[in-house]
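Grab your viewer and work through the exercises below. Each one has a task and then a solution in steps.

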Amino acid sequence: MTWPNPGRTVGAVYLPHASVDRALSLVADLTGLTDEAGLLDALLPGLADLIGCDFITYTEVVEGSPPMVRYIDHPRGTLTPEVCDGFLRHFHQHPVAAYHRITGDGRALRMSDFLTTAQFHKLALYQECYRPRPAEHILAVGLSLGGGPVGAFALNRASGEFTEADRELLDLLRGPLGRCRARLRARQGAPAGAGKLTSREAQVLEQVALGRTNAAIGRSINCSPRTVSKHLENIYKKLSVANRAAAVAHTRLGVTRPL
């Protein structure tokens, strides 16, 4: 695949000392964390405040058959199930996500590095996922755990394009944040069984995370409440947990969905 050149503006980018100090403070505040969920819970509002955006998301691709995507958003509830469904249907249209995934280059990039406003607006991805929120400007940076990016933070604004300084600041943080995430993952180990859920089990867990009853889940995915209970039994075994709350807490990164 041939990519447009998402290069930087020629010339040095000035980062105000105050912004760099705030970025370093954000990283310093993460040193006492002991789990990945706490890291992401702290990072999303921290990055949103540092860079400035209307909302921010973290998405992570989990390899498997089929591949899955997990997400967490700030403010919580910004990503509705309908928006997520549309995002997953049209994920292939997202040029920044595709660039990060295929090239392994996780540097901070804007949607406008790849598409004009008119081109962006023509996408079904925009019409179903970004237009309703609204989000006209997107800046995303890949987070690496030692290899290529496995996930990305995406900052979204309704107005006001992200600047070169904004993305230089994100790139400044990418290395320390990736190392912090890798340290916590090594300490905890990967969530047992989280990548082994079937597509249907992932759907059930998503509905559980939204607080829905077995009957409501059954209506949503066209099966009986008894079948939902069986799916939950399998989920509990794979995640080594005993109940709904523990299953949701075990996958605090958010809802896991087929990609």
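**Exercise 1: The cavity**

Searching the whole structure, a predicted model, turns up one cavity of 30 Å³ or more. Task: find out what volume the largest cavity has, which residues line it and which element supplies the largest share of the lining.

Solution.
- Step 1. Start with the volume, which comes to about 50 Å³ for the largest cavity.
- Step 2. Now pick out the lining: Leu47, Val141, Gly142, Leu143, Phe153, Leu170, Leu173, Arg174 and Leu177.
- Step 3. Map those residues onto elements: β4 (137–144) and α7 (164–188) are the ones giving two or more residues to the lining. The largest share, four residues, is from α7.
- Step 4. Sort the lining by class and you get seven nonpolar, one polar and one charged residues.

**Exercise 2: A lining residue up close**

Task: take Leu143 and work out whether it is buried or exposed, and where it lies.

Solution.
- Step 1. Locate Leu143 in strand β4.
- Step 2. Check its relative accessible area, which is 3%. The cut-off for buried is under 20%, so Leu143 counts as buried.
- Step 3. Look for a partner far along the chain: Gly178 is 35 residues away from Leu143, yet their C-alpha atoms are separated by 5.6 Å.

**Exercise 3: The whole chain**

Task: how many helices and strands does the chain have, and what percentage of its residues count as buried?

Solution.
- Step 1. Count the elements: eleven helices and six strands.
- Step 2. Burial next: 46% of the 259 residues count as buried.
- Step 3. For the surface, the chain exposes about 12200 Å², with 54% of that coming from carbon and sulfur atoms.
- Step 4. Take the contacts between residues at least 6 apart in sequence; 68% of them join residues at least 24 apart.
- Step 5. Zoom in on helix α8 (residues 199–209), where the buried residues include Val204, Leu205 and Val208. After α8 comes Gly211, with a positive phi near 85°.

**Exercise 4: Confidence**

Task: which elements have the lowest and the highest mean pLDDT?

Solution.
- Step 1. Get the baseline: the chain's mean pLDDT is 81, and 80% of its residues reach 70 or more.
- Step 2. Compare the elements: strand β6 (residues 255–258) has the lowest mean, 45, and helix α5 (residues 117–122) the highest, 97.
- Step 3. Inspect residues 252–259, where pLDDT stays under 50 although the model has 41 contacts there beyond four places in sequence. Where pLDDT is low, don't read the predicted coordinates in detail.

Definitions and conventions:
Residues numbered from 1 in each chain as written. Predicted model: local features only at pLDDT ≥ 70, side-chain atom pairs only at ≥ 80, totals over all residues. Heavy atoms only, no water. Buried < 20%, exposed > 50% of the residue type's maximum accessible area, 1.4 Å probe, protein only. Contact = heavy atoms within 4.5 Å. Areas by Shrake-Rupley, 256 points an atom, 1.4 Å probe, with all protein chains shown as cover. pLDDT = per-residue confidence, 0-100. 1 Å grid on protein atoms, 1.4 Å probe; cavity = no way out; pocket = protein on both sides within 12 Å on 5 of 7 lines; lining within 4 Å. Points joined across faces, edges and corners; volume = space filled by probe spheres on them. Nonpolar A, V, L, I, M, F, W, Y, C, P; charged D, E, K, R; others polar.
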